[in-house]
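Trainee: Please take one chain of this model and go through it closely. I would like one connected account rather than a list.

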Amino acid sequence: MNGLDVNKQAANVVVWLLLLAMPYWLPAVGGYIELGSRVIVLGLAAMALNFLLGYTGVLSFGHAAYFGLGAYGVGMMIRYVAPSTGLGILVGTLTGTIAAAIIGPMIIRLRGVYFAMVTIAFGQVFYFIAFRWNSVTGGDDGLTGWTRKALHLGFATVDIQSNPNAFYYLVLVLFALALGVMAWLLRSPFGRTLIAIRENERRARFLGIPVDQHIWLSWVISCGLVSLAGTLYALLNNFVDPRALYWTQSGDFVIMAVLGGMRSFWGPLIGAAIYVVLQDYLSSQTANWMSFIGLFFVLVVLFFPRGVLGFIRRKVTS
Amino acid sequence: MSLLKVENVSKHFGSLVAVDSVSMTVEPGELRAVIGPNGAGKTTFFNLISGFLTQTTGRILFEGEDISSVLPAQRVWRGISRTFQITEVFPELSVRENLRIPVEVAGGYRLSPWLSRDADAEIRARVTELMDMGGLADKADRLVGELAHGDQRATEIMMALALKPRLLLLDEPTAGMGDQETYDITQLIRKLHRDQKLSIVLIEHDMRVVFHLADRIMVLAEGKMLAEGTPKEIAANEAVQAAYLGKTAA
């Protein structure tokens with residue numbers, strides 16, 4: 001709800017320039033472009049989760065379910081139905097969104113820890129389906145035997161199949177679209193009702209806002225965008241396995257959002273970047289990389305309760 | 001037609017009868033005060049009218065229609081808005097934003113993903129008007145959570161007013177305030193009642209405020225209605241003096 005001040009605009013321009021130029025500077029600092037794609041994809045998932053967590057004040061521990069539905073949706077579409085990346089993304093995203101829309105009414109009346117627990121429970125249902133239904137999902141071994149396909153746009157063909165930079169830019173375009181939708185909604189009257197619910201649910205209700213309905217909408221939008229991230233995750237790896245649906249994956253999204261700062265729009269992307277880079281570096285050094293991320297997380301929560309970006313912002317403004 | 005008609009409403013919490021068969025009729029343009037000692041059931045009675053709680057027996061009519069089982073948000077749409085004993089605002093948003101949200105909801109924009117230029121200008125003008133009325137114009141961009149108690153309360157009242165209610169319910173609007181703040185809020189309520197012809201029901205502990213503002217007073221004690229009348233009648237009522245005014249003096 002903040003106005004468009006110059007500082008903020010400048011920060012936005014810098015972020016987008018860095019993202020656009022990633023294939024050029026990332027290798028120079030010792031990274032590789034798949035790592036960049038991974039940051040963007042998981043960043044999108046964490047930002048989508050944060051639409052619900054940071055802007056509506058509702059904590060879900062089950063977003064991996066919709067992430068995984070998107071991932072399996074695109075994989076199964078390409079493997080079994082039609083070898084089209086675009087169609088796969090569409091079907092995967094719709095699958096996750098529709099599932100969220102149907103599950104929503106059963107859970108939106110719950111609050112706090114009860115909501116979180118029930119979202120985990122629904123997530124685990126999808127996990128066990130993917131885990132057990134070997135003949136279709138590949139079970140524990142994951143869904144293999146497919147790859148992303150070149151993108152046919154009519155006037156041109158983009159080779160995202162073998163050119164990782166081209167795939168990165170596809171991810172970035174969809175990321176930008178998804179962020180555009182979120183930013184636009186958050187500045188609208190509807191977005192303000194969500195912030196009102198986060199700030200004070202009782203007041204929101206007695207201002208005539210049907211809180212459950214608005215939480216449902218926020219939930220569906222959030223899960224829909226997480227499904228989109230899930231499709232991109234599967235395409236990035238050319239592979240899906242049930243871990244994409246597992247509840248710890250949901251926990252990772254929450255960690256990213258809180259790590260980066262859940263009260264800021266870009267925070268979860270920063271959180272995802274820290275998480276992915278730490279994981280990439282530490283997992284090559286030690287099998288216990290998760291304990292280091294855990295330690296880092298605890299330190300951030302203790303000393304910078306508004307996340308890394310919240311801390312930086314306070315330093316800049318003071 | 002009466003604006004609000006409460007008919008023999010009771011509320012039980014287990015074996016406790018918090019409100020016991022209370023009736024009340026409020027006419028359009030009236031300012032009604034509900035008073036009574038602590039634990040008399042005033043706030044519970046209020047919560048029944050606003051839909052925060054559902055009554056065990058009895059019914060509530062608003063503008064002639066039975067709203068007994070209508071949800072809180074829908075009672076707001078029908079024209080009942082309220083404030084709370086403990087101020088309920090959006091503490092981390094500015095005064096302007098706190099007021100903008102109810103103005104947008106009242107304009108029917110709660111689900112809108114965008115606003116036309118005209119609608120936006122209209123909303124801004126209305127927010128400014130409300131801030132001026134509530135004496136908040138110089139604090140427009142401060143976070144409400146950082147304001148003095150009196151200003152927070154004024155913000156809450158203006159938020160309730162932003163909904164263009166036909167009935168405003170104020171739960172202890174001067175609770176916990178100093179003399180100056182109490183005076184300011186009393187003047188604000190008086191202004192809304194006189195200039196806007198707004199119908200108001202308020203719960204109040206401060207007798208100066210009650211006798212200064214109210215057209216009629218209802219006294220509750222132990223969940224039952226003890227008396228009802230003009231401020232003069234209530235002041236002269238012996239049962240009230242014994243149960244309530246006497247107690248506070250003691």
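Mentor: What follows is a walk through chain A, with a shorter look at its partner at the end.

This is a predicted model, in which local features need pLDDT of at least 70 and side-chain atom pairs count only at pLDDT 80 or more, while totals for chains, interfaces and linings use all residues. Residues are numbered from 1 along each chain as its sequence is written, and chains are lettered from A and ligands numbered from 1 in the order in which they are written.

Start with the whole of chain A. Its secondary structure consists of 15 helices and two strands; here helices (H or I, at least four residues) and strands (E, at least two) are DSSP runs, numbered from the N terminus. For its 318 residues the globule rule gives 20 Å, and the radius of gyration of chain A is 19 Å, close to that value, so chain A is as compact as a globular protein of that length. The radius is taken over C-alpha atoms, and the rule is 2.2 Å times the number of residues to the power 0.38. Along the principal axes, the C-alpha atoms of chain A fill a box of roughly 55 × 45 × 45 Å.

Next, how the chain packs. Of the 318 residues of chain A, 48% count as buried. The term buried applies when 20 or more other C-beta atoms lie within 10 Å of a residue's own, exposed when there are 12 or fewer, and partly exposed in between, with C-beta atoms placed from the backbone. Among the contacts in chain A with a separation of 6 or more, 72% are between residues 24 or more positions apart. A contact means that the C-beta atoms of two residues, placed from the backbone, lie within 7 Å.

Three residues show the burial classes at work. A:Ala10 sits in helix H1 (residues 6-20) of chain A and is exposed, because 10 other C-beta atoms lie within 10 Å. A:Ala10 is 111 residues from A:Ala121 in sequence, and their C-alpha atoms are 42 Å apart in space. A:Ala99 belongs to helix H5 (residues 85-107) of chain A and is buried, because 21 other C-beta atoms lie within 10 Å. Leaving out residues up to four places away in sequence, A:Ala99 touches A:Tyr66 and A:Leu69. A:Ile209 is 110 residues from A:Ala99 along the chain, with 25 Å between the two C-alpha atoms. A:Asn238 lies in the loop between helix H11 (211-237) and helix H12 (247-260) of chain A. With 15 C-beta neighbours inside 10 Å, A:Asn238 counts as partly exposed. The phi angle of A:Asn238 is near 50°, a positive value in a residue other than glycine.

Now a pair of helices in chain A. The axes of helix H13 (residues 267-282) and helix H15 (residues 307-317) of chain A come within 7 Å and cross at roughly 120°. Axes are lines fitted to C-alpha atoms, for helices over the stretch in contact, and angles run from 0 to 180 degrees between N-to-C directions. H13(A) and H15(A) are therefore oblique to each other; angles under 35 degrees count as roughly parallel, over 145 as roughly antiparallel, 65 to 115 as roughly perpendicular and the rest as oblique. On the H13(A) side, A:Gly267, A:Ile270, A:Gly271 and A:Ile274 meet A:Gly307, A:Val308, A:Leu309 and A:Gly310 of H15(A). By class, this contact of H13(A) with H15(A) has four nonpolar, four polar and no charged residues. Ala, Val, Leu, Ile, Met, Phe, Trp, Tyr, Cys and Pro count as nonpolar, Asp, Glu, Lys and Arg as charged, and the others, Gly among them, as polar.

Chain A also meets chain B. Their contact takes 19 residues from chain A and 28 residues from chain B. On the side of chain A that touches chain B, helix H8 (164-186), helix H9 (189-199) and helix H10 (201-205) of chain A each give two or more residues. H9(A) supplies the largest share of that side, six residues. By class, the side of chain A that touches chain B has 10 nonpolar, four polar and five charged residues.

As for the partner, chain B is divided by its domain assignment, automatic or from a database, into domain 1 (1-79 + 166-250) and domain 2 (91-164). The centres of these two domains of chain B, taken over C-alpha atoms, are 26 Å apart.
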